[in-house]
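Visitor: Could you take me slowly through one part of this model, and then place that part among its surroundings? I would like a careful account that I can follow with the structure open beside me.

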Amino acid sequence: MSSTTNPSTQHTSTIGAIGAPSRRNTELALLIFAVVIPVFAYANVGLALNDEVPAGLLSYGLGLGLMAGVGHLAVRKFAPYADPLLLPIATLLNGIGLVAIWRLDHSERLQASRTFVEAAPRQLMYSALGVALFVAVLFFLKDHRVLQRYTYISMAGALVLLLLPLVPGLGHNVFGARIWIKIPGLGTLQPGEFAKIVLAVFFAGYLMVKRDALALASRRFMGLYLPRGRDLGPIIVVWIISILILVFETDLGTSLLFFGMFVIMLYVATERTSWIVFGLLMSAVGAVGVASFEPHIQTRVQAWLDPMREFELSRAGVSDGIVHSEQAMQALWAFGSGGTLGTGWGQGNSDLIGFASNSDFILATFGEEIGLAGVMALILLYALIVERGVRTALAARDPFGKLLAIGLSGAFALQVFVVAGGVMGLIPLTGMTMPFLAYGGSSVIANWALIGILLRISDTARRPAPAPAANPDAEMTQVVRP
Amino acid sequence: MNKPLRRVAIFCGLLMLALLVRNNWIQYAQADKLRTDEKNRRVAIERYASPRGDIIVDGEPITGHKATDGDFAYKRTYKDGAMWAPVTGYVSQAFGANQLEAIEDGILTGNDDRLFFRNTLDMLTGKKKEGGNVVTTLNAAAQKAAYEGLKKRGGKGSVVALEPSTGKILALASFPSYDPSTIAGNSLKTDAKAWDKLQKKNNPNDPMLNRALREVYPPGSTFKVVTAAAALEHGLVEDADQKTDTPLPYVMKGTRTELKNDGDLPCKDATLREALRVSCNTVFGKAGTDLGNDKMLETAKKFGFTEEQFTPVRSSASVFSENMEPSQVALSSIGQFNTAATPLQMAMVSAAVANNGTLMKPYMVDELQAPSLDTVEKTEPEKLSEPMSAKNAQILQSMMETVVNDGTGKNAQISGVTVGGKTGTAQHGENNSKNPYAWFISYAKNSDGSSPVAVAVVIEDENAVRGDISGGGLAAPIAKSVMEAVVKGKQ
């Protein structure tokens, strides 16, 4: 859809906006696959575990179909020109994640654990809530530019969300990372997942206003544009907040995610490579600095460098003030044992990972049961979501929309990389979840909202522009040459 | 803003590419290593997921299986576990596997590549996976005779019996032994405790040591058979009844030390036959020195010394040193100094003599069977070397038969059967302070000259009175009962 092939769109952007078909029927067709594939997976698990098609198959299929249908109708009604891929991919990931969670609910090893709860029904409820929020976003947010008005409220909101886990009595520490809050009677919440979206709104609004100052007022030094001291202010504030998250919530992933998102948006807003250099330098300084005194982070790095040693220490029950975990090694074994094609649904032993095997480590279950082929397909699905997000940013006509779309998709890409990379041993493990796949209400709900916002931006971007009003002066305009 | 957007897009693409590369690395490149890692619990789960195939002796399984709770479905059981432990090794849910159980794990669990086609068929037809069987060459009667003999004796010891014409291992006993059934499960209360008790640090008798294959002892006078073979092969002596030029007392070359005989023996210029009959140290010590280190080593190597044997269970390498002083060669040639041999090695010496000079490769797995009892692999007898000519072997046979008929090995006589043998009493410990090892190697011979069995017996009896320990007294009766068991079985 390059602009050069379509003369009518030369004046706008890369994506042909004018006359673009709505693609709603494509979406519907893809949604059918997105519902049918998880239903087959679900039947497969039942057959493998109990030699029978699970009794809940019909209600599960109907539930997922209903969610997809409601989502589709909402898009058809409120965002008819939105990107046709995002909703089906999100539905597919959510559905297949539900199957994996249900499968792990049937693990005898996990059932024996003290903290076991049946996760699949809850996740189904969270998914429904997520889709409801998705519909609400499409319904109430008629134009994403409205969000621009709430730039500074967003900042305040994001700060509150990020700091909530530190409030005594509310914060909830799970295996070292303090990124949860506990609401009595309701369960736990991971506010960071929501903060991701709210922060993107703030950054987009803020950078749109300040981009010229940040981009232009600078000195050149050794080939880099050095920003003025006062312009450095915001980046330093965000950096400090990221460091604080790292220190007090001991969560490398969240910290990296926010800082990375900010640097990406800053770079897009200012088009200055120097910001990236600064960003990388500052995150390196921050991460190394904190890791030098924070034992929780040190353990994570050690477990990454030598998972086998960590496994042995955990098995030997060594207690040197640090919780040694065999999970990193167990996850690697799960992936390796899956091999190219996997053991098949329900036939692996990924539950050996134990705690969090249906949330942070869920990718290992996929690795073992649907193999390299399956996990590559999943990664490509995530890559497609990111690609559609970036494309939306390219197509958006307003800078705020561009920034918001790239911020959200960049954050999404970083999150997928940090979580999947952590579970696969590419980088140290952090306590975040695979979007849509993993068990966790906050994550599912927040990511549905994220998809909703991306759809809204892409609808605005792809909507046929009103035909340019005939310029009454056009013919009379003359170039006056002296 | 579109230029940086495109760059961010490329960056995101690189992140995803990194994930894909890493994913291929762990699920493809490293997959086999991770999947088969012994610490990966899946390996054990898989191993115990289906009833394990059996190890078979004389058509009867000496193993079995039993269903257990937890994520391991079955555990191993053994019949007469202690008697067969040196053959089977163990397989334990908690402690892994060793020896035959480990080496033939693929067949026994049914995971062997050679069963792949059959497994695929079974999968398609919905048949549950089963393990195949390992059919051994062992002889139950001989094994029983060997183990009971050692048990009655009470000390530590070991017996190996071979079929000289093929190299089949007929008996492989070690005492004290252990019952692998007691450690087959993974219960902390029973199996782990039993395991701890069997460890060498908690049990000085080291019952889990497979003495038949993994312990080397100084072979003492039994090594004189090797020296005699070397003397005949290298032409130092032409005939068993030719006088050797051996002074008495004999002072070892390059020293002023006398090489003594055990008692006042008629060893001056004794013939090889006479020297072997009464076990002259002087004659064989001098013969070794005269032949020299290289020729002695050459013959010893042909008998299998310095090499590990894979039966397929690995045996330790027996020792005969190189670059020794002439006096050390003299001591080595009577089975002292550095010379050390596994019981299997000495059985191979005896078998090579009995088989008219041809040494067959010792083996204990006759056949691997698929679960359907079809043969997957059959072991064919294999010639290992020819330490001596048939003529010299027959000379040596007549000498060893003289030892049994008329010398130190009288305790091994079997009525109606020709038996050849050699006793040994090997000194060890500093200044020979410890009780010596009692050895006996022998073979039985049919009337047509073929030999059904060759045996090596070693007894390390710390409680025996020192004078009592002589190969003829302690070891020969066990060798005799093992040979009888085999010969009677053949009739």
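Guide: A residue is called buried here if 20 or more other C-beta atoms lie within 10 Å of its own, and exposed if 12 or fewer do. Please keep in mind throughout that this is a predicted model.

With that cut-off in hand, begin at helix 9 of chain A, where 19 of the 19 residues are buried, so the helix is largely enclosed by the rest of the structure. Helix 9 of chain A reaches 27 Å from its first C-alpha to its last, close to the 27 Å expected for its 19 residues at 1.5 Å a residue. Just after the helix comes A:Glu271, which has a positive phi near 60°.

Helix 9 also leads to the boundary between the chains, where 37 residues of chain A are in contact with 29 residues of chain B. On the chain A side, helix 9 (252-270), helix 13 (327-338), helix 14 (362-395) and helix 15 (399-423) each supply at least two residues, and the largest share, 11 residues, comes from helix 14 of chain A. Sorted by class, this side of chain A has 23 nonpolar, 12 polar and 2 charged residues.

Crossing into chain B, the part that deserves the close look is an open sheet of 5 strands, in the order 9-8-18-17-16, with antiparallel pairing. Strand 9 (169-175) and strand 16 (418-426) of chain B are its edge strands, each pairing on one side only, and from one strand to the next the twist averages 10°. Helix 17 (residues 390-406) of chain B packs on this sheet, touching strand 16 and strand 17 (437-445) of chain B, and its direction makes about 75° with that of strand 16 of chain B.

Within the sheet, strand 8 of chain B is mostly covered, since 7 of its 7 residues are buried. In a regular strand the side chains alternate between the two faces of the sheet. In strand 8 of chain B, B:Lys156, B:Ser158, B:Val160 and B:Leu162 point one way, while B:Gly157, B:Val159 and B:Ala161 point the other way, and all are buried.

Strand 8 has a partner on each side. Towards strand 18 (residues 453-460) of chain B, strand 8 (residues 156-162) pairs in the antiparallel sense over 7 bridges; in this pairing B:Ser158 stands opposite B:Val458, and B:Val159 stands opposite B:Val457. Towards strand 9 of chain B, which also runs antiparallel to strand 8, there are 6 bridges, and here B:Leu162 stands opposite B:Ile169. The hairpin of strand 8 and strand 9 of chain B has 6 residues between the strands, and in it B:Gly167 takes a positive phi near 90°.

Elsewhere in chain B, several backbone details are worth finding on the screen. Two of them are cis peptide bonds. The bond from B:Leu248 to B:Pro249 is cis, with omega near -5°, and B:Pro249 is found in the loop between helix 11 (224-233) and strand 10 (250-251) of chain B. A cis peptide bond also joins B:Thr311 and B:Pro312, with omega about 5°, and B:Pro312 is in the loop between helix 14 (293-302) and helix 15 (326-333) of chain B.

That loop between helix 14 and helix 15 of chain B also holds B:Thr306, which has a positive phi of about 70° although it is not a glycine. B:Thr306 is partly exposed, with 15 other C-beta atoms within 10 Å. B:Ser279, another residue other than glycine, has a positive phi near 65° and lies in the loop between helix 12 (272-278) and helix 13 (281-291) of chain B. B:Ser279 has 29 C-beta neighbours inside 10 Å, and therefore counts as buried.

Finally, an unreviewed UniProt entry lists residues 52-134 of chain B as "domain: Penicillin binding protein A dimerisation". In the model, the end C-alpha atoms of residues 52-134 of chain B lie 11 Å apart, and the span is 34% helix and 25% strand. Helix 7 (residues 116-125) of chain B is hardly covered, with 1 buried residue among its 10 residues, and is followed by B:Gly126, whose phi is positive, near 80°.

Terms used. Residues numbered from 1 in each chain as written. Chains lettered and ligands numbered in written order. Contact = placed C-beta atoms within 7 Å. Helix = DSSP H or I, 4+ residues; strand = E, 2+ residues; numbered from the N terminus. Nonpolar A, V, L, I, M, F, W, Y, C, P; charged D, E, K, R; others polar. Pairing = 2+ DSSP bridges. Axes fitted to C-alpha atoms, helices over the stretch in contact; angles between N-to-C directions. UniProt positions renumbered as here; feature names shortened; annotations may be inferred. Expected span 1.5 Å × (residues − 1).
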